[in-house]
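Here is a short set of notes for someone meeting this structure for the first time. Please keep the model open while reading.

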Amino acid sequence: MKSLNEMTLTLASRSANEGFARTAVSAFVAQLDPTLDELGDIKTAVSEAVTNCIVHAYPDRVDKIYIRTRLFENNLVEIVIRDRGLGISDIDQARTPMYTTGDAERSGMGFTIMESFMDRLQVRSIPGKGTTVTMTKRISMRLSGNRL
C-alpha cells in the first residue's frame with residue numbers, strides 16, 4: 001500500500017527528546033483532523049515506545065531512535081519506532097503487563113498501553129540488534145472532512 005504522505009525523524013535517545021517525538025508525530029498526524037482523544041492516544045503510544053528505547057534499548061548509552069510516520073487512504077496512520085539497541089529476547093514476556101527489565105520505578109505497562117491506545121501493535125526484535133515497534137490507528141472521518 002502506497003502512503004499518501006510520510007515523515008521520518010531521527011533522535012538521540014535522551015529523555016528530553018520524548019516530548020519532542022510525541023509532539024512531532026501528533027503535529028504530522030493533525031493534517032487528518034483527528035479528535036483530541038485520537039491525538040492524545042497517539043501521543044501516549046509514541047511516548048511509551050520512545051521511552052522504551054531510552055530505558056531498555058540503550059540503558060547505558062545514548063544512541064539513535066528512528067521514527068517513521070505514514071498516512072494512508074481511509075485515514076490510516078502507521079507509526080514505526082525503531083532502535084538498534086539490546087533487543088528483546090522474549091517478546092511475549094515483554095508484552096506481559098507489569099513485566100519490566102527496568103528499575104523499580106518502571107511499571108512494565110508500556111506495550112500494554114501502546115496496544116490499548118492503537119488499533120494494532122506489532123513488535124519485532126533481534127537480541128543485540130534492536131527492536132521495531134509498528135503501531136497503526138484509523139482516524140475517524142469527521143463531518144468537517146479531512147484535509148489530506
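**Notes on the fold**

1. Start with the pairing of β3 and β5. These two strands run antiparallel and share seven bridges. One place to look is valine 77, which faces lysine 137 in β5. Keep in mind throughout that this is a predicted model.

2. Now widen the view to the whole sheet. It is open and has five strands, in the order β1-β2-β3-β5-β4, with antiparallel pairing. β1 and β4 stand at the edges with a single partner strand each, so one side of each lacks a neighbour in the sheet. On average, neighbouring strands are turned by 10 degrees against each other, direction ignored.

3. Next, the hairpin. β4 (residues 120-126) and β5 (residues 130-138) are antiparallel partners over seven bridges. Serine 125 has threonine 131 of β5 as its bridge partner. Three residues separate the two strands of this hairpin, and glycine 128 in the turn has a positive phi of about 85 degrees.

4. Which side chains of β4 are buried? Leu121, Val123 and Ser125 are, and they point to one face of the strand. Arg120, Gln122, Arg124 and Ile126 point to the other face and are not buried. The side chains thus alternate along β4.

5. Turn to the helices. α1 (residues 16-29) packs with α2 (residues 36-57) at an angle of about 145 degrees, and their axes are 9 Å apart. The crossing is right-handed. On the α1 side, the contact involves Glu18, Ala21, Arg22, Val25, Ser26 and Val29. These meet a set in α2 that includes Leu39, Ile42, Val46, Val50 and Ile54. By type, the residues of this contact are eight nonpolar, three polar and three charged.

6. How does α2 sit on the sheet? It lies across β2, β3 and β5 and runs at about 10 degrees to β3.

7. The largest nonpolar core has 33 residues. Val46, Ile67, Ile79, Ile81 and Met135 touch the most other members. At least two residues come from each of β1 (5-12), α1, α2, β2 (64-72), β3 (76-83), α4 (110-117), β4 and β5. The largest share, eight residues, is supplied by α2. As background, nonpolar side chains tend to be buried together in soluble globular proteins.

8. Look at isoleucine 81 in particular. Leaving aside residues up to four places away in sequence, its contacts include Val46, Ala49, Val50 and Cys53. Ile65, Tyr66 and Ile67 are also among them. So are Thr131, Thr132, Val133 and Met135.

9. Two loop residues deserve a check of their backbone. Most residues other than glycine have a negative phi. Aspartate 33, in the loop between α1 and α2, has a positive phi near 60 degrees. Asparagine 75, in the loop between β2 and β3, also has a positive phi near 60 degrees.

10. Are these two loop residues buried or exposed? Aspartate 33 counts as buried because its relative accessibility is 11%, and the cut-off is under 20%. Asparagine 75 is buried too, with a relative accessible area of 7%.

How values were computed
Residues numbered from 1 in each chain as written. Predicted model: local features only at pLDDT ≥ 70, side-chain atom pairs only at ≥ 80, totals over all residues. Heavy atoms only, no water. Axes fitted to C-alpha atoms, helices over the stretch in contact; angles between N-to-C directions. Helix = DSSP H or I, 4+ residues; strand = E, 2+ residues; numbered from the N terminus. Left-handed = near helix turned anticlockwise from the far one by under 90°. Contact = heavy atoms within 4.5 Å. Nonpolar A, V, L, I, M, F, W, Y, C, P; charged D, E, K, R; others polar. Buried < 20%, exposed > 50% of the residue type's maximum accessible area, 1.4 Å probe, protein only. Pairing = 2+ DSSP bridges. Core = buried A, V, L, I, M, F, W, Y, C linked by side-chain atoms within 4.5 Å.
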